[in-house]
Amino acid sequence: MNRQQTIAELEQLYDQDQRREFRLSLQENTKNKEIELSFFNHFRKFETDVDEMDQVDSVAFLEYKKIKDQEKAQQVSHIKAIKQAIRYQKFFLTWERLQTDLGKQGSTPATRFRVDQIKKFKQELELLLETSPEAWDVYYEEQWLNDIKCRATQKLVPVPYVSNTKQKIIQSLEVSQPVYLVGHLGSGKTQLAIEAAVDFTIQNKIQATLETEMDTWFMLNQDCSEQEAMKVFNEKYQYLSHYYEDILVHGTKEEIAAIQPLFISGSHNLTYEDMFVEKTLSLEQQFTHDSFSDYLNVMIEDYREWIKEHENVIQHVTQDEALQLKVQIWKSFSDLLIAKNNTFGTTVKKIEREILIAIKEGRPVIVDELNTIAMQNLIALNDLLQRHVGETAYITGIGPVTIQPGFAFIGTGNLSTQLINYEGTNQLNPAFQSRFVTIEYNYVPQQLNGTLLEQKDPVENELFRVMLSRLAQDSGGIALPNMERNLNELFQLAQLSRLTQNVFMGKWQGEGADEQFTSVELRESVLSIRNIIHVLDQWNNGEEMDLSQALWEGFISSITYPDDQNYILAQAVRFGFFASDEGWNIQAKATGSATTTYQDIRTTDYNYERQKMEYRSIGDVMHLIFGERPQRQKNYPQLEEFIFEKQHTEANLSRKEYEEMNQRLSQLEYLDWLQSQVAQEEE
């Protein structure tokens with residue numbers, strides 16, 4: 001057995017050990033939820049028909065795992081340092097660009113230096129990921145766990161297509177360019193717009209706070225090095241980042257509102273006043289507008305005159321009665337004065353609406369379904385859309401208003417084509433639309449050719465990655481019955497989904513065809529990510545049904561347009577669903593046929609037998625969605641020495657014996673250190 005083969009075998013054992021630990025963690029997490037005595041906890045029961053996974057006791061493996069974990073810890077620090085360096089350079093780049101006129105981007109020697117530094121650190125990171133399997137593991141583990149976290153918090157999974165589009169939006173907003181985000185139904189346009197606006201706001205707040213705090217810190221530490229400054233910067237950035245993350249989850253209503261964008265739902269009935277300022281009639285009690293001191297002086301003079309005229313009456317009563325009489329007279333004069341000068345009338349009140357509030361407070365505003373609003377009302381936005389932060393925009397009925405820093409405008413709209421026309425939408429005036437940066441955002445990419453195991457570049461299967469994030473545990477692993485079959489069917493579901501999306505958008509091309517097929521169309525139905533979620537929720541990790549049954553119940557059965565339903569059913573069969581040997585009978589139908597019912601496609605009663613649960617660790621899942629680790633450029637010299645010089649004496653040690661031996665070695669190392677300390681003291 002040569003050395004390279006031995007290392008490869010140890011890596012396989014490492015992957016096996018990860019699966020074992022993932023499975024044990026699931027069992028422990030489930031049982032640890034029994035915190036307090038209750039009826040539910042007392043009578044809970046757990047699945048017991050599971051096979052135990054053997055613990056790896058090889059001494060060589062334990063040494064390998066120890067060294068690998070140490071190497072991963074080093075790579076965590078290395079990658080963190082590179083990311084912090086990139087963040088520091090981006091902070092300075094943003095600050096440099098803010099020095100130019102109204103934050104407009106302009107190339108200067110200072111900005112070019114920061115751009116080059118960012119590029120250099122990104123290249124360093126890329127090289128590291130190409131040469132170190134441990135760095136690759138660390139980097140993509142963090143990405144995958146973040147995918148799961150975003151899914152759990154109802155955010156879009158940040159696959160490259162989503163992240164890149166979001167970054168385009170933010171970059172446009174940073175230079176005061178309004179954005180028009182267009183795409184087809186169910187693609188997640190509105191959610192993307194909201195997340196981009198929130199990120200834009202938080203970035204602005206963090207940038208402004210850091211500029212102030214770093215200046216304050218520097219005035220007290222003017223002899224510092226840049227390394228010291230970077231350390232302080234990263235500490236402050238980390239604190240602020242966690243602070244705003246916590247607000248989004250646990251913040252008060254007011255704190256969350258300060259970060260979230262203002263929102264307008266577009267419709268044909270939406271008017272100019274609904275966007276800027278609403279005028280309402282109100283019945284109010286009004287007082288004449290003379291000086292209150294004048295009223296008081298008149299009342300005092302009248303009061304004194306009355307007292308003087310009735311002086312004889314006051315003198316013939318007791319002191320208390322006289323005081324009570326004077327108080328009553330004063331109150332009477334007050335009531336008469338109010339009655340004389342008080343009126344009721346109808347007044348016009350102006351209530352500021354979302355766009356005007358956003359301009360004055362410096363907040364993003366989103367107008368959803370912008371192209372449903374009548375063009376004559378949208379024209380009122382013309383002056384605002386061509387102004388930048390710090391400039392003055394003229395608002396009809398209000399006058400000139402200064403645009404505050406932090407203001408941003410995002411509109412969303414459904415994308416009509418020759419095949420698809422969304423009822424109630426309008427084609428925007430070209431002159432009006434030219435004021436926007438128009439960004440098309442549609443469905444997440446997914447390869448249509450090949451099986452799961454045949455994928456040469458799994459990174460391109462972003463839809464499959466989104467689907468797996470919904471099934472994964474918080475630790476990153478996946479537990480499913482009949483793992484191989486279900487993973488393949490999930491991949492086929494992603495391919496079927498992408499096919500329906502291409503057809504719905506009018507972008508479908510047949511395999512090997514050079515020209516576009518316009519005869520194939522879907523008018524109303526598409527297996528969007530929204531509908532995929534319905535299917536996956538119905539399937540529930542294969543607990544009570546297979547994916548074919550879930551696909552029918554969660555999506556296809558609800559399609560009301562017959563031609564759409566029949567086409568999607570036929571394509572589902574093509575991708576391996578609804579197999580005839582499992583009781584399904586899908587027959588091709590002519591255009592114009594009636595919709596299909598469940599009774600039409602079942603030949604026998606549905607019966608599902610769930611297989612035993614199988615487990616894939618976070619490492620296994622990462623290989624499915626990110627590909628294989630890079631080849632190791634160098635082996636661990638200390639491990640090779642351990643394996644081949646001590647194999648004959650230690651290879652047969654048990655785990656317990658190895659741990660005892662390791663403990664004795666640690667004690668000997670401590671004694672050596674203690675003796676050296678004593679020797680130094682004697683000298």
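This briefing covers the nonpolar cores, one helix and one glutamate of the structure above. The model is predicted, so local features need pLDDT of at least 70 and side-chain atom pairs count only at pLDDT 80 or more, while totals for chains, interfaces and linings use all residues. Residues are numbered from 1 along each chain as its sequence is written, and side-chain values use heavy atoms, with hydrogens and water left out.

**Nonpolar cores**
- The largest nonpolar core (buried Ala, Val, Leu, Ile, Met, Phe, Trp, Tyr and Cys residues joined through side-chain atoms within 4.5 Å) has 106 residues, and Leu-468, Leu-490 and Leu-551 have the most contacts inside it.
- A second, separate core has 31 residues, including Val-182, Ile-264, Leu-270 and Phe-407.
- Neighbours within four places in sequence aside, Leu-490 is in contact (heavy atoms within 4.5 Å) with residues including Phe-464, Leu-468, Trp-539 and Leu-547.

**Helix H19**
- Helix H19 (a DSSP run of H or I, at least four residues, numbered from the N terminus) spans residues 483-505.
- Of the 23 residues of H19, 19 are buried (under 20% relative accessible area with a 1.4 Å probe, protein chains only), so the helix is largely enclosed by the rest of the structure.
- Gly-506, which follows H19, has a positive phi near 75 degrees.

**Glu-141**
- Glu-141 lies in helix H5, residues 133-152, and is buried, with a relative accessible area of 17%.
- The side chains of Glu-141 and Lys-72 are joined by a polar contact of 3.0 Å, a polar contact being a pair of N or O atoms within 3.5 Å; within protein, one must be able to donate a hydrogen and the other to accept it, and residues adjacent in sequence count only if both atoms are side-chain atoms.
- Although 477 residues apart along the chain, Glu-141 and Ile-618 have C-alpha atoms separated by 7.4 Å.

Notes:
Buried means under 20% relative accessible area, exposed over 50%, partly exposed in between (1.4 Å probe, protein chains only). Helices (H or I, at least four residues) and strands (E, at least two) are DSSP runs, numbered from the N terminus. The expected span of a helix is 1.5 Å times one less than its number of residues.
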